[in-house]
Amino acid sequence: MRKIFATLISASAFVLQAQHADQPETEPMHTNKLAGETSPYLLQHAHNPVNWYPWGEEAFAEARRRNVPIFLSIGYSTCYWCHVMERESFEDEATGQVMNDLYVCIKVDREERPDIDDIYMAATQALTGSGGWPMSVWLEPESLKPFYAGTYFPPEPRHNMPAFKDLLRGISEAWNDERKPDILAQANTLAEAVEKQLADRDAPVVVGEDQIMSAVSQLLQIFDQQWGGFGGAPKFPQPTYIEFLLAVRGSADEQTLQAIDQAVRKTLDMMMIGGIRDHVGGGFHRYSVDNEWTVPHFEKMLYDQGQLLSVYAKAAAVYNDDEYLRTAVEIADYVLSEMTDESGMFYSAQDAEVDGKEGLNYLWLESEINKVLDEDDAKFTLDVYSVSEGVNFRDPHHPDEPDRNVLRMSERPEQIAARLGLSMDEFHTRLDAINGRLKAERNTRKQPGLDDKVLTAWNGIMIHGFATLGSVTGDERYTNAAARAADAIYSAMHDDSGTLLRASRNGKAKTSAFFEDYAWLASGMIELHRATNDDKWLGLAEDLARSADATFGDPATGGFFDTAAEQSDLFVRGQSIYDGAIPSATSVFLNVLVDLVLLGDSDEFSERTVRGLVATSGAIYRSPVGHINSVTALYRGMSGGLPLEDGFAKAGARDPDTKTAQPAEFQAVEVFADAERVSLEAGEIETFRVKLQIADGYHIVAADAGPDADGLLEPLRVSIVGGTGVEAFADYPAGESYRTEGVDGEILVYTGEVEFDIVLESKGERSGRPIVTISFQACSDTECLQPQTVELDVAIDLAG
């Protein structure tokens with residue numbers, strides 16, 4: 001797909017001198033069509049010299065009228081590299097002029113429109129092998145299909161990336177010359193790949209205890225026994241993994257139970273004492289850039305606070321751990337103090353940077369601590385928060401800045417208190433007072449930006465968290481906070497027809513809710529019912545479940561779409577079931593349905609729950625950890641006695657232990673890697689080798705299948721899914737000629753054993769848990785199997 005543009009970047013470039021002018025604070029030089037939006041991210045770009053449009057028919061019509069491509073930029077308000085690209089390119093007069101002359105430019109807030117983000121992220125990953133934000137995508141204006149994509153592009157050539165202006169000109173030249181038919185063909189090919197990824201479902205497979213135990217085994221295998229967490233740096237909290245392990249521990253044998261508890265407790269302990277936790281202000285940052293949980297990416301996301309609040313509250317109850325409970329309470333108090341509007345609804349995020357510098361508000365010099373506190377308290381603080389051990393933060397983007405400290409503990413508070421000869425009450429009383437003074441000092445600094453939009457799904461996550469804490473503590477403050485937010489959502493987040501809405505800011509709600517909004521809000525209502533025993537909340541959850549199924553349910557498969565059927569601005573209606581930083585809407589809704597079956601007095605939701613689990617069974621079988629929250633629903637459904645056997649039988653689900661005369665898709669090709677773990681330093685590359693063993697009588701389509709195979713079959717591809725910050729490249733071998741009826745000419749294929757190198761490069765903003773996948777389509781002389789994607793069991797540790 002990339003070959004069409006091999007010559008674009010070499011297009012002759014000319015330099016435009018940027019026009020610099022002082023902008024009066026009260027009268028910006030430029031105002032574009034984003035000025036009427038409510039999203040803080042879109043408003044950040046409202047005065048760029050770029051003539052940005054919001055996503056919508058006005059922009060599409062203008063691109064069609066001018067017969068120019070659409071340049072689509074997707075990001076979010078707390079995205080560091082989004083800010084960088086804005087400063088370097090979108091605020092630059094010369095770049096803005098090129099963009100305006102050659103394209104219609106559209107900005108999208110991925111948090112307001114996750115549906116758009118999912119589609120074009122799939123395209124970016126299919127085209128480049130990786131993805132991230134800011135996402136930069138070029139669209140054909142008639143169908144809105146993508147034909148070229150990437151993420152961050154620098155203003156000048158750098159690290160094998162073209163200069164952004166050169167790329168803009170090169171793509172425009174190709175659009176306007178004899179290469180345009182190739183561009184349109186690539187748009188169709190790329191759109192087909194996106195449709196297969198987002199809309200295709202695995203055929204049902206009988207799943208059960210084996211897949212549940214496989215998920216447990218895989219999580220324990222990737223558990224970091226030294227530092228906690230699952231996998232290597234960058235380390236994300238991954239509360240969904242912990243929720244699953246807490247759910248299944250009651251059914252585990254003694255040896256497995258001990259292993260589960262070690263993984264859960266070590267992970268919760270290391271996050272609790274690490275720099276990923278804001279010890280002074282409460283709450284958790286997005287992720288840790290190192291294995292030790294010391295230096296975080298400093299943005300704070302509401303969905304992290306809600307999920308971690310639930311996990312720490314549940315773990316406090318399971319393990320009778322006062323420090324877990326204290327951590328949960330601090331999360332809740334932070335959200336109430338800094339992330340809650342006057343009505344009780346919750347804001348979305350706090351930024352990572354201040355004045356373009358990562359984490360500046362949260363970092364400390366030793367001299368600053370000595371200035372705020374008296375000598376004894378300063379000595380105590382330097383010890384407790386490991387400052388006396390030396391600095392631990394150096395800003396790679398601002399080398400002239402002095403080295404500073406992220407505050408973190410080196411051991412659990414009980415151990416520190418014992419070492420200092422203090423009781424736990426004495427320790428926490430003293431530390432709470434010190435934290436109060438440090439927070440007061442921190443409040444005098446310039447504060448990180450606040451994304452004060454309200455998202456229904458994320459509020460559902462937070463309502464669930466507050467209700468869980470209320471149940472564990474019996475403290476009505478937290479139950480009341482959950483109920484107040486729920487009442488506010490129901491008051492503010494519906495249109496005149498009663499339709500649930502997605503986003504709101506400053507009292508203006510808009511955009512019909514997506515499947516995840518219904519799923520998470522229903523989850524919050526169920527937890528409120530558990531906390532209060534008030535049937536009002538259970539009734540609302542049931543109503544949401546009925547509406548969600550009617551709007552997003554897929555009668556053909558029993559699964560669920562992410563968007564409503566009537567959306568006309570999307571070229572594919574996706575069914576995303578992979579669990580990322582936020583579990584998929586399908587997995588959340590499956591757990592909601594299980595809850596409704598277990599809590600309700602009727603069988604109304606039983607059959608729908610079974611059909612949903614059966615529809616997801618193929619994905620569970622293929623990758624239990626990648627769909628871990630659906631595995632949780634499967635476990636809970638089995639434990640609750642749901643008639644899954646009947647459901648599998650009705651769907652004709654394949655028994656994974658049954659051998660058929662005709663080789664099944666997964667039997668045609670076996671994939672092996674010569675590495676179990678790859679460590680990637682920032683900006684470095686690593687290589688490992690894979691071998692594909694192709695069954696006798698079968699072949700797979702080569703990576704370059706030749707011109708005669710264009711669009712007919714799925715070629716061999718290596719990609720990255722589940723995260724960003726890594727790009728994958730493959731040294732594909734040449735295929736051998738294959739001819740068959742119905743195709744004029746030859747197709748290039750692989751047979752027998754195929755070996756090649758995969759090169760991984762650490763590049764771009766890191767998020768999620770990147771997984772290397774290999775996609776292929778196996779055929780015999782008489783049939784072609786469905787395209788298959790295999791996740792390689794190669795852990796990627798991102799360091800530096």
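**Reading a predicted model, feature by feature**

Mentor: Let's open with a salt bridge: Asp-224 and Lys-235 bring their side chains together at 2.7 Å, N to O. The two sit 11 residues apart, both of them in the loop between α8 (209–222) and α9 (239–248).

Trainee: Are Asp-224 and Lys-235 buried or exposed?

Mentor: Both residues are buried. Keep in mind that we're looking at a predicted model.

Trainee: Then confidence comes next. What is the mean pLDDT of the chain?

Mentor: The mean is 90, and 93% of the residues reach 70 or more. Residues 1–24 fall below 50, though that stretch still has 39 contacts in the model beyond near neighbours in sequence. Residues 659–666 are also below 50, with 13 contacts counted beyond near neighbours.

Trainee: Back to charges. How many salt bridges does a search of the whole structure find?

Mentor: The search turns up 54. When you read one, check the distance, then ask which parts of the chain hold the partners. Take Glu-58 and Lys-33, whose side chains meet at 3.0 Å, N to O. Glu-58 belongs to helix α2 (residues 57–66) while Lys-33 is in the segment before α1 (40–44), so the bridge ties together parts 25 residues apart in sequence.

Trainee: Why does Lys-33 count as partly exposed?

Mentor: Its relative accessibility is 38%, and the partly exposed class runs between the 20% limit for buried and the 50% limit for exposed.

Trainee: Which residue forms a salt bridge with Asp-452?

Mentor: That's Arg-505, with the closest N and O atoms 2.5 Å apart. This pair links distant parts of the chain: Asp-452 is in the loop between β12 and β13 (454–455), and Arg-505 is in strand β14 (residues 501–505), 53 residues away. Asp-452 and Arg-505 are both buried. Elsewhere on the list, bridges with shared partners join Arg-265, Asp-269, Asp-321, Arg-412 and Glu-414 into one network.

Trainee: How should I read a sheet?

Mentor: Strands in a sheet pair through backbone hydrogen bonds, and the pairing can be parallel or antiparallel. Here, one open sheet of 3 strands runs in the order β8-β9-β12, paired antiparallel.

Trainee: Which strands stand at the edges?

Mentor: β8 (300–301) and β12 (450–451) do; each has a single partner strand, so one side of each has no neighbour in the sheet. Strand β9 (residues 349–350) is joined to β12 by 2 bridges. As for register, Gln-350 faces Leu-450 in β12.

Trainee: And the hydrophobic interior? How many residues has the largest nonpolar core?

Mentor: It has 130, and the residues with the most contacts inside it are Phe-244, Phe-466 and Met-525. Helix α11 (residues 302–319) supplies the largest share, 10 residues. For a close-up, Phe-466 touches residues including Leu-309, Val-335, Phe-346 and Tyr-478, leaving out those up to four places away in sequence. Another core, of 64 residues, lies apart from the largest one, and among its members are Val-98, Tyr-152, Phe-153 and Leu-570.

Trainee: Can we finish with one residue? Where is Ile-628 found?

Mentor: Ile-628 is in helix α23 (residues 628–639). It counts as buried because its relative accessible area is 0%, and the limit for buried is under 20%. Its C-alpha atom is 9.0 Å from that of Ile-212, even though 416 residues separate the two along the chain. Beyond neighbours within four places in sequence, Ile-628 contacts Ala-215, Leu-219, Thr-240, Tyr-241, Phe-244 and Asp-579. You've met one of those already: Phe-244 has a place among the residues with the most contacts inside the largest core.

Note on methods: Residues numbered from 1 in each chain as written. Predicted model: local features only at pLDDT ≥ 70, side-chain atom pairs only at ≥ 80, totals over all residues. Heavy atoms only, no water. pLDDT = per-residue confidence, 0-100. Contact = heavy atoms within 4.5 Å. Pairing = 2+ DSSP bridges. Helix = DSSP H or I, 4+ residues; strand = E, 2+ residues; numbered from the N terminus. Salt bridge = Lys/Arg side-chain N within 4 Å of Asp/Glu carboxyl O. Buried < 20%, exposed > 50% of the residue type's maximum accessible area, 1.4 Å probe, protein only. Core = buried A, V, L, I, M, F, W, Y, C linked by side-chain atoms within 4.5 Å.
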